[in-house]
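Work through the exercises below with the structure open. Each task is followed by a solution in steps.

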Amino acid sequence: MRYLLASGLLFGLASAAAIPTNQVNDNSNGNGDGIGMTKKFNVELGPRPYYLVNDMDEGPLKTKLQSCSEGPFEVSDFVFAHRGAPLQFPEHTSESYSAARRMGAGAIECDVAFTKDKQLVCRHAQCDLHTTTDILNRTDLAAKCTTPFTPATDNGTAAEAKCCTSDITQAEFKSLCGKMDGFNPNATTVEEYLDGTPYFRTDLYSTCGTVLTHNEYIDLVNGWDLKFTPELKEPEVEMPFEGYTQEQYAQDMIDAYKAAGVDPSRVWA
């Protein structure tokens, strides 16, 4: 199991050197390392891959990975940023996407969901706001959740909550802070419920992640000249939703790339 985990996580260590990209066009408007300039971009993996390699059993894979430990590392289309860099940063936030880019991702993912006013946003599931944002701590928004917070009971009933993007407007969504995905099923208070980050993630960089609309994601990734991996998430509400059909939902996602002038070859959907 440890071998398989390390193999999967460290595929990017070798593949990050596969496609040279020494110069990048940074039009990230403050979310990257500069604005509107072409310059050298250094890919940095951080210490975690080296720790995992050193902890592997001896064998050909470990030897191969150690042989490329000093790079050079480059942005690679073989490296997909699944939710960004969600083991270290709140998923589907500008901070998570920026970290993934820094670690060599050539394609950035946005799981697409829709809000109450039928606007598209980046979220792993339509109804995960209660575990990935601070919505339950927002007295102005918590009451709008499909299932408001219910504390755990002494008879073994777990704490419960369910908050969906379709419960709130895009403007309300943008006011949220992204947090590390997780919850405490034994919680008797909202604070305890939100303090449930799994052991394999860290809260070190989980301050107030900047949640993104789908259009903001397109602008961000387009400014980095990387590829897109949007995934239209299955609705968790009955469709049509207040007249919003599945067909229109899908078409809105496609139309966003057309409106931004993104070449279809850069969109891996």
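**Exercise 1.** Leaving aside neighbours within four places in sequence, find which residues are in contact with Tyr 217 in this predicted model.

Solution. Step 1: select Tyr 217 and set aside its neighbours within four places in sequence. Step 2: look for heavy atoms within 4.5 Å. Step 3: the list then reads Tyr 97, Ile 108, Glu 109, Cys 110, Cys 122, Phe 228, Thr 229, Pro 230 and Tyr 257.

**Exercise 2.** Place Tyr 217 in the largest nonpolar core, and say which elements supply at least two residues of this core.

Solution. Step 1: the core has 34 residues, and Tyr 217 is one of those that touch the most other members, along with Tyr 97, Ile 108, Leu 120, Ile 218, Phe 228 and Tyr 257. Step 2: at least two residues each come from strand 3 (76-81), helix 4, strand 4 (105-114), strand 5 (120-122), helix 8 (214-223) and helix 9 (246-259). Step 3: strand 4 contributes the most, five residues. Step 4: another core lies apart from this one; its 20 residues include Val 121, Ile 135, Ala 152 and Val 211. As background, nonpolar side chains tend to be buried together in soluble globular proteins.

**Exercise 3.** Decide whether helix 4 is mostly covered or mostly open, and name its buried residues.

Solution. Step 1: helix 4 spans residues 94-102, nine in number. Step 2: apply the cut-off for buried, under 20% relative accessible area. Step 3: Ser 94, Ser 96, Tyr 97, Ser 98, Ala 99, Ala 100 and Arg 101 are buried. Step 4: that is seven of nine, and helix 4 is mostly covered. Step 5: continue just past the helix to Gly 104, where phi is positive, about 100°.

**Exercise 4.** Locate the cis peptide bonds that precede Pro 72 and Pro 240.

Solution. Step 1: the bond from Gly 71 to Pro 72 is cis, with omega near 5°. Step 2: Pro 72 sits in the loop between helix 3 (60-67) and strand 3. Step 3: Met 239 and Pro 240 are also joined by a cis bond, with omega about -5°. Step 4: Pro 240 belongs to the loop between strand 10 (227-232) and helix 9.

**Exercise 5.** What is the sign of phi at Lys 118 and at Glu 242, and where do these residues lie?

Solution. Step 1: most residues other than glycine have a negative phi. Step 2: Lys 118 has a positive phi, near 60°, and is in the loop between strand 4 and strand 5. Step 3: Lys 118 is partly exposed, at 24% relative accessible area. Step 4: Glu 242 also has a positive phi, near 50°, and lies in the loop between strand 10 and helix 9.

Note on methods:
Residues numbered from 1 in each chain as written. Predicted model: local features only at pLDDT ≥ 70, side-chain atom pairs only at ≥ 80, totals over all residues. Heavy atoms only, no water. Buried < 20%, exposed > 50% of the residue type's maximum accessible area, 1.4 Å probe, protein only. Helix = DSSP H or I, 4+ residues; strand = E, 2+ residues; numbered from the N terminus. Core = buried A, V, L, I, M, F, W, Y, C linked by side-chain atoms within 4.5 Å.
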